[in-house]
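Let's take a walk through this chain together. Keep the sequence and the 3D view open, and follow the residues as they come up.

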Amino acid sequence: MATPDKTQWYRDARFGLFLHWGLYSVSGRNEWGIYLDRMPLAEYSRLAHRFTPTRYEPRQWADMMAASGVRYAVLTTRHHDGYCLFETKTTDFCAPKTGPRRDLIAPYAEAMREAGIRVGFYYSMSDWRHKGFWRPKDFPESAARMVETTHAQMRELMSNYGTIDVLWHDGALWYDPEAPAATAYRSAELNAMIRKLQPNIVLSNNGGIAEDFHTMENVIAPLQDPTQMWESCMEMDI
């Protein structure tokens, strides 16, 4: 875990904004639409070439956030659909190689810093496109590829976008009761790599192991350890 002096800014900030945005916006459904609607993966993948955010203006976001008192922001770099908003060498299923034809994370990070807002990333460790996610025992090679890709993409995110202040990783889901998610995703190894590349980063516990802060969604509930930092995401659809 980070030392208290490295997390003090987070304790003091209190007000952050979570931006949930990605390929799924093309379908007019939320980020779980592909799962809830049972959309075939091939059909969903074709949306990537219709995803053309020509009015993407992160500086306008940053200006509104700063005026509202937002102290830090977290943007989805990849959700469970596996689509990356950033430049990556691991897959063509990403913004620079499909509809947007550009990296969407770099201008976000730059705009936040210019506005004096701490930069945060969300990243899903799981990818629904891999059979090994759903049936790791039946498709162990697929599961291993998914985990290796997660580690490779996290290295890219932690290496290519300057100082990252907070990481809200997610999706440590695993359909094998004999292998805990943190073990399957090699979360301890992953977090060690993250801290080596970003020594001052504040990490969530969503990798399956306790870290700097505990996260919860749409609820405020007591923690087993009342001394632990916590954050609650209260959703608003717009």
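**A tour from surface to core**

Trp134 sits in helix α6 (residues 131-134); helices here are DSSP runs of H or I with at least four residues, strands are runs of E with at least two, and both are numbered from the N terminus. Before going further, please note that this is a predicted model, in which local features need pLDDT of at least 70 and side-chain atom pairs count only at pLDDT 80 or more, while totals for chains, interfaces and linings use all residues. Residues are numbered from 1 along each chain as its sequence is written, and side-chain values use heavy atoms, with hydrogens and water left out.

With a relative accessibility of 30%, Trp134 counts as partly exposed, a class that falls between buried (under 20% relative accessible area) and exposed (over 50%), using a 1.4 Å probe and protein chains only.

Now let's turn to the aromatic rings. A pair of aromatic rings is described by the distance of the centres and the angle of the planes. Rings of Phe, Tyr and Trp (its six-membered ring) pair if their centres lie within 6.5 Å; planes under 30 degrees apart count as stacked, over 60 as edge-to-face and the rest as tilted. By this rule the model has 16 aromatic pairs. One of them joins Trp9 and Tyr72, edge-to-face, at 5.9 Å centre to centre with 80° between the planes. This pair links distant parts of the chain, with Trp9 in helix α1 (residues 4-13) and Tyr72 in strand β2 (residues 72-78), 63 residues apart. Trp9 and Tyr72 are both buried.

A further pair is made by Phe51 and Tyr83: the ring centres are 5.9 Å apart and the planes meet at 75°, so this pair is edge-to-face. Phe51 belongs to the loop between α3 (41-45) and α4 (58-68), and Tyr83 to the loop between β2 and α5 (105-114), so the pair ties together parts that are 32 residues apart in sequence. Phe51 is buried at 3% relative accessibility, and Tyr83 is buried too, at 2%. Ring pairs also connect Phe51 and Tyr83 with Trp21, Tyr56, Trp61 and Phe93 in a cluster.

The loop that holds Phe51 brings us to Leu47, which also lies between α3 and α4. Leu47 is buried, at 8% relative accessibility. Its contacts, not counting residues up to four places away in sequence, are Leu23, Val26, Ser27 and Met39, where contact means heavy atoms within 4.5 Å. The C-alpha atoms of Leu47 and Tyr24 are separated by 8.1 Å, with their positions 23 residues apart along the chain.

Next, look for Asp165 in the loop between α7 (140-159) and β4 (166-170). Is Asp165 buried or exposed? With a relative accessible area of 11%, Asp165 is buried. Leaving out residues up to four places away in sequence, Asp165 touches Trp9, Arg118, Val119, Asn200, Ile201 and Val202, so Trp9 of the first ring pair turns up again here. 

Two arginines deserve a look for their backbone. Arg101, in the loop between β2 and α5, has a positive phi near 60° in a residue other than glycine. At 58% relative accessibility, Arg101 counts as exposed. Arg186 lies in the loop between α8 (181-184) and α9 (187-197), and has a positive phi of about 55° although it is not a glycine. Arg186 is partly exposed, with a relative accessible area of 27%.
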